[in-house]
Amino acid sequence: MTQVSPETERMSDTYNYPAEIERDEEGRHVITFPDFGWGATDGATRDEALLEAKDLLRELIAATIREGETLPKPSRAGKGRPLVVPPVQIALKAALYEAWRQAGISQRRLARDLDVAESEVRRMLNPDHGTKAATIDRALRRLGKRVTVTVGEAA
């Protein structure tokens with residue numbers, strides 16, 4: 001199993017990010033994610049805007065992974081800052097990406113540790129490639145992490 005040095009900063013355990021909602025001059029609900037510092041979406045109603053925000057959050061996470069950048073730690077939700085939960089697949093990809101980066105190993109090394117081709121690891125780390133949850137779970141376990149699922153009330 002790959003070990004992570006204790007000096008390494010802990011990775012996030014959630015990928016739910018707070019959104020800021022403002023009304024524009026036309027009365028539309030505009031949503032941004034301050035933790036990312038870019039990107040916006042909107043909707044005619046607050047609910048429509050929050051639904052669109054889930055897609056925006058998926059793209060913000062995917063773009064950060066594609067660019068090889070560090071994912072921002074989610075800040076706290078608060079009044080007027082509801083948490084947006086990304087699609088499960090991108091949350092799993094984000095967790096794998098962060099665990100792999102934290103481990104400080106090459107894709108080749110992870111492939112060897114998992115006994116798979118390096119191309120499979122590239123697909124696992126690609127936010128646009130559909131990877132089975134069980135495959136990501138196996139890779140995360142190899143990196144010393146585990147997946148847990150929390151189910152809450154629908155908003």
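These legends describe close-up views of a predicted model.

**View 1. The whole chain combines five helices and five strands.** From the N terminus, the elements run β-β-β-β-α-β-α-α-α-α. The C-alpha trace spans about 55 × 30 × 30 Å along its principal axes. The chain has 155 residues, and 36% of them count as buried. Its accessible surface comes to about 9300 Å². Carbon and sulfur atoms account for 48% of that surface. Among contacts between residues at least 6 apart in sequence, 63% join residues at least 24 apart.

**View 2. The largest nonpolar core holds 38 residues.** Tyr 15, Phe 33 and Ile 61 touch the most other members. Five elements give two or more residues each to this core: α1 (46-66), α2 (88-103), α3 (107-114), α4 (118-125) and α5 (133-142). Helix α2 supplies the largest share, 10 residues.

**View 3. Ile 61 and its contacts.** Leaving aside residues up to four places away in sequence, Ile 61 touches Tyr 15, Tyr 17, Phe 36, Leu 71, Pro 86, Ile 90 and Ala 94. Tyr 15 and Ile 61 are also, with Phe 33, the core members that touch the most others.

**View 4. Strands β3 and β4 run antiparallel.** Four bridges join β3 (residues 29-32) to β4. In one pairing, Val 30 has Asp 42 of β4 as its bridge partner. Side chains alternate along β4 (residues 40-43). Thr 41 and Gly 43 point to one face and are buried. Ala 40 and Asp 42 point to the other face and are not buried. In a regular strand, such alternation between the two faces of the sheet is what side chains show.

**View 5. Arg 66 and Asp 128 meet in a salt bridge.** The N to O distance between their side chains is 2.9 Å. Arg 66 lies in helix α1 and Asp 128 in the loop between α4 and α5, so the pair ties together parts that are 62 residues apart in sequence. Arg 66 is partly exposed, at 43% relative accessibility. Asp 128 is partly exposed too, with a relative accessible area of 47%. A search of the whole structure finds 11 salt bridges.

**View 6. Helix α4 carries salt bridges about one helical turn in span.** Glu 118 pairs with Arg 122, their closest N and O atoms being 3.8 Å apart. These two residues are four apart in α4. Glu 118 is partly exposed at 27%, and Arg 122 is partly exposed at 44%. Arg 123 pairs with Glu 120, with closest N and O atoms 2.9 Å apart. This second pair is three residues apart in the helix. Arg 123 has a relative accessible area of 33%, and Glu 120 has 22%, which means partly exposed. Elsewhere, salt bridges that share partners join Arg 58, Glu 59, Arg 66 and Asp 128 into one network.

**View 7. Asp 115 has a positive phi.** The angle is near 60°, in a residue other than glycine. Asp 115 is found in the loop between α3 and α4. Its relative accessibility is 70%, so Asp 115 counts as exposed.

**View 8. Three valines form a nonpolar patch on the surface.** The members are Val 147, Val 149 and Val 151. Together they have about 310 Å² of accessible area. Val 149 is found in the segment after α5. At 71% relative accessibility, Val 149 lies above the 50% cut-off and therefore counts as exposed.

Note on methods
Residues are numbered from 1 along each chain as its sequence is written. This is a predicted model: local features need pLDDT of at least 70, side-chain atom pairs count only at pLDDT 80 or more; totals for chains, interfaces and linings use all residues. Side-chain values use heavy atoms; hydrogens and water are left out. A nonpolar core is a set of buried Ala, Val, Leu, Ile, Met, Phe, Trp, Tyr and Cys residues joined through side-chain atoms within 4.5 Å. Buried means under 20% relative accessible area, exposed over 50%, partly exposed in between (1.4 Å probe, protein chains only). Contact means heavy atoms within 4.5 Å. Patches are made of residues with over 30% relative accessible area and no salt bridge: like charges are joined within 9 Å, nonpolar side chains (Val, Leu, Ile, Met, Phe, Trp, Tyr) within 5 Å. Accessible areas come from the Shrake-Rupley method with a 1.4 Å probe; for residues, only the protein chains shown count as cover. A salt bridge is a side-chain nitrogen of Lys or Arg within 4 Å of a carboxyl oxygen of Asp or Glu. Two strands pair if DSSP finds at least two bridges between them.
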